[in-house]
Amino acid sequence: MQISMTINGTDVTREIEPRVLLVHFIRDDLRLTGTHWGCDTTNCGTCVVLMDGQPVKSCTVLAAMADGHTITTVEGLAHGATLDPVQQGFMEEHGLQCGFCTPGMMLTARALLDHNPHPEPLEIREAISGQICRCTGYATIVRSIQWAAEHPAGAAPETTTSESTEHEVHA
Ligand code: FES
Ligand code: FES
């Protein structure tokens, strides 16, 4: 069967088998391997992508069900060379260790902040409650999402002072 969808702003049309899962379509057909594949049983949440702005576990969605919809994967979070504030937050607050859960966590965070720009810590924990971090980094993940909520325009561009330049030269 033929399916068409918009992925990260690009329209794609492919012939697929009807039984293909969205996670495999994204990873194997489109080679967008930032979407991870973990449990394959709707438990871990590492495969989360956004479908029309809502987080979905792509191991639980047939690619055919995404026909005509808009999908965002982690590769579509940044705006050109500018990271999404959520991505910046994970950097600032060390929201990842091995990084396996990170793409799904960041997409869930993006959807949360799009609907609730100022979530309480408990609301953040509820939002990511369907996702597992095997590195048990939940405290830093929550802080990362809080950072993004507090910096909706992202971090201010870094400025190079004469002091820092001098330090770099003599380092
Ligand atoms: S791979 Fe989809 S929930 Fe684990
Ligand atoms: S950072 Fe390793 S699973 Fe979450």
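The buried residues of helix H3 pack against quite a list of partners: strands S3, S4 and S5 (70-72), plus helices H2 (85-92), H4 (121-127) and H5 (138-150). Keep in mind that this is a predicted model. Below is a quick tour that starts at H3, moves through the other helices and the S3/S4 hairpin, and ends with a few loop residues.

**Helix H3**

- H3 covers residues 102-115, and eleven of its 14 residues are buried, so the rest of the structure largely encloses this helix.
- The buried set opens with the run Thr-102, Pro-103, Gly-104, Met-105, Met-106, Leu-107, Thr-108, Ala-109 and Arg-110, and it also takes in Leu-112 and Leu-113.
- Its length checks out too: at 1.5 Å a residue, the 14 residues of H3 should span 20 Å, and the end C-alpha atoms are indeed 20 Å apart.

**Helices H2 and H5**

- For background, a packed helix pair is described by two things, the angle between the axes and the distance between them.
- Here, H2 and H5 pack at about 130°, and their axes are 8 Å apart.
- That angle falls outside the ranges for roughly parallel, perpendicular or antiparallel (the last needs over 145 degrees), so H2 and H5 count as oblique to each other.
- The crossing of H2 past H5 is right-handed.
- On the H2 side, the contact is made by Pro-85, Val-86, Gln-88, Gly-89, Phe-90 and Glu-92, while H5 brings Ser-144, Ile-145, Trp-147 and Ala-148.

**Helix H1 and what follows it**

- H1 spans residues 22-29, and its buried residues are Leu-22, Val-23, His-24, Phe-25 and Ile-26.
- These buried residues of H1 pack against S3, a strand that the buried residues of H3 pack against as well.
- Just past the end of H1, Arg-31 takes a positive phi of about 60°.

**The S3/S4 hairpin**

- S3 (48-51) and S4 (54-57) run antiparallel and are joined by four bridges.
- If you want a pair to look for, Val-48 has Lys-57 in S4 as its bridge partner.
- Two residues sit between the strands of this hairpin, and Asp-52 in the turn has a positive phi of about 55°.
- Asp-52 is not a glycine, despite that positive phi.
- With 12 other C-beta atoms within 10 Å, Asp-52 is exposed, because 12 or fewer is the cut-off for that label.

**Asn-8, in the loop between S1 and S2**

- Asn-8 lies in the loop that links strand S1 (2-7) to strand S2 (10-15).
- Its phi is near 50°, which is another positive value in a residue other than glycine.
- Asn-8 has 17 C-beta neighbours inside 10 Å and so counts as partly exposed.

**Val-74, a buried loop residue**

- Val-74 is found in the loop between S5 and H2.
- Although it belongs to a loop, Val-74 counts as buried, with 25 C-beta neighbours inside 10 Å; the cut-off is 20 or more.
- Setting aside neighbours within four places in sequence, Val-74 is in contact with Gly-34, Thr-35, Pro-103, Met-106 and Leu-107.
- Pro-103, Met-106 and Leu-107 are among the buried residues of H3, which ties this loop position back to the helix we started with.
- Thr-35 is 39 residues away from Val-74 along the chain, yet their C-alpha atoms are separated by 6.7 Å.

Key:
Residues are numbered from 1 along each chain as its sequence is written. Chains are lettered from A and ligands numbered from 1 in the order in which they are written. This is a predicted model: local features need pLDDT of at least 70, side-chain atom pairs count only at pLDDT 80 or more; totals for chains, interfaces and linings use all residues. The expected span of a helix is 1.5 Å times one less than its number of residues. Two residues are in contact if their C-beta atoms, placed from the backbone, lie within 7 Å. Two strands pair if DSSP finds at least two bridges between them. Axes are lines fitted to C-alpha atoms, for helices over the stretch in contact, and angles run from 0 to 180 degrees between N-to-C directions. Angles under 35 degrees count as roughly parallel, over 145 as roughly antiparallel, 65 to 115 as roughly perpendicular and the rest as oblique. A crossing is left-handed if the near helix is turned anticlockwise from the far one by less than a right angle, and right-handed if clockwise.
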